[in-house]
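Trainee: I would like to practise reading strand pairing and backbone angles. Please show me the model we will use.

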Amino acid sequence: MCIACRERAPQSQLLRLAVLTADEPRIVVDASRRLPGRGAWIHDSAACWKRARAKKAFSVALRSPGLPAPAHDGEDT
Ligand SMILES: [Zn+2]
């Protein structure tokens with residue numbers, strides 16, 4: 001399910017997000033889909049990223065309050 005529009009979609013159509021805790025914790029796009037821990041899923045679309053960013057859906061979904069949203073290629077900001 002996409003954290004922005006909350007529509008169900010196969011994971012093959014979504015990007016996986018995870019918290020990277022190697023040094024400074026940060027939210028990253030898990031391109032390999034193999035990072036451990038809690039993951040969140042989002043459509044690879046500028047609309048869903050803007051929506052998720054606006055309602056801070058990233059940190060909420062990943063239970064990591066305060067962490068900034070990751071960057072998304074193709075977002076016209
Ligand atoms: Zn979506």
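Trainee: Which residue in β3 is the bridge partner of arginine 16?

Mentor: Keep in mind that this is a predicted model. Strands of a sheet pair through backbone hydrogen bonds, and the pairing is either parallel or antiparallel. Here, arginine 16 has tryptophan 41 of β3 as its bridge partner. The strands concerned are β1, residues 14-20, and β3, which pair in the antiparallel sense over 5 bridges.

Trainee: In what order do the strands of the sheet run?

Mentor: The order is β2-β1-β3, an open sheet of 3 strands with antiparallel pairing. At the edges are β2 (26-29) and β3 (39-43), each of which pairs on one side only. Between neighbouring strands of this sheet the average turn is 30°, direction ignored.

Trainee: Now the backbone angles. What is the sign of phi at lysine 56?

Mentor: Most residues other than glycine have a negative phi. Lysine 56 has a positive phi, near 50°. This residue sits in the loop between α1 (46-54) and α2 (57-61).

Trainee: How many other C-beta atoms lie within 10 Å of lysine 56?

Mentor: There are 14, so lysine 56 is partly exposed; the exposed class ends at 12.

Trainee: What is phi at arginine 63, and where does that residue lie?

Mentor: Phi of arginine 63 is about 55°, again positive in a residue that is not a glycine. Arginine 63 belongs to the segment after α2. With 11 other C-beta atoms within 10 Å, arginine 63 is exposed.

How values were computed
Residues are numbered from 1 along each chain as its sequence is written. This is a predicted model: local features need pLDDT of at least 70, side-chain atom pairs count only at pLDDT 80 or more; totals for chains, interfaces and linings use all residues. Two strands pair if DSSP finds at least two bridges between them. Helices (H or I, at least four residues) and strands (E, at least two) are DSSP runs, numbered from the N terminus. Axes are lines fitted to C-alpha atoms, for helices over the stretch in contact, and angles run from 0 to 180 degrees between N-to-C directions. A residue is buried if 20 or more other C-beta atoms lie within 10 Å of its own, exposed if 12 or fewer, and partly exposed in between; C-beta atoms are placed from the backbone.
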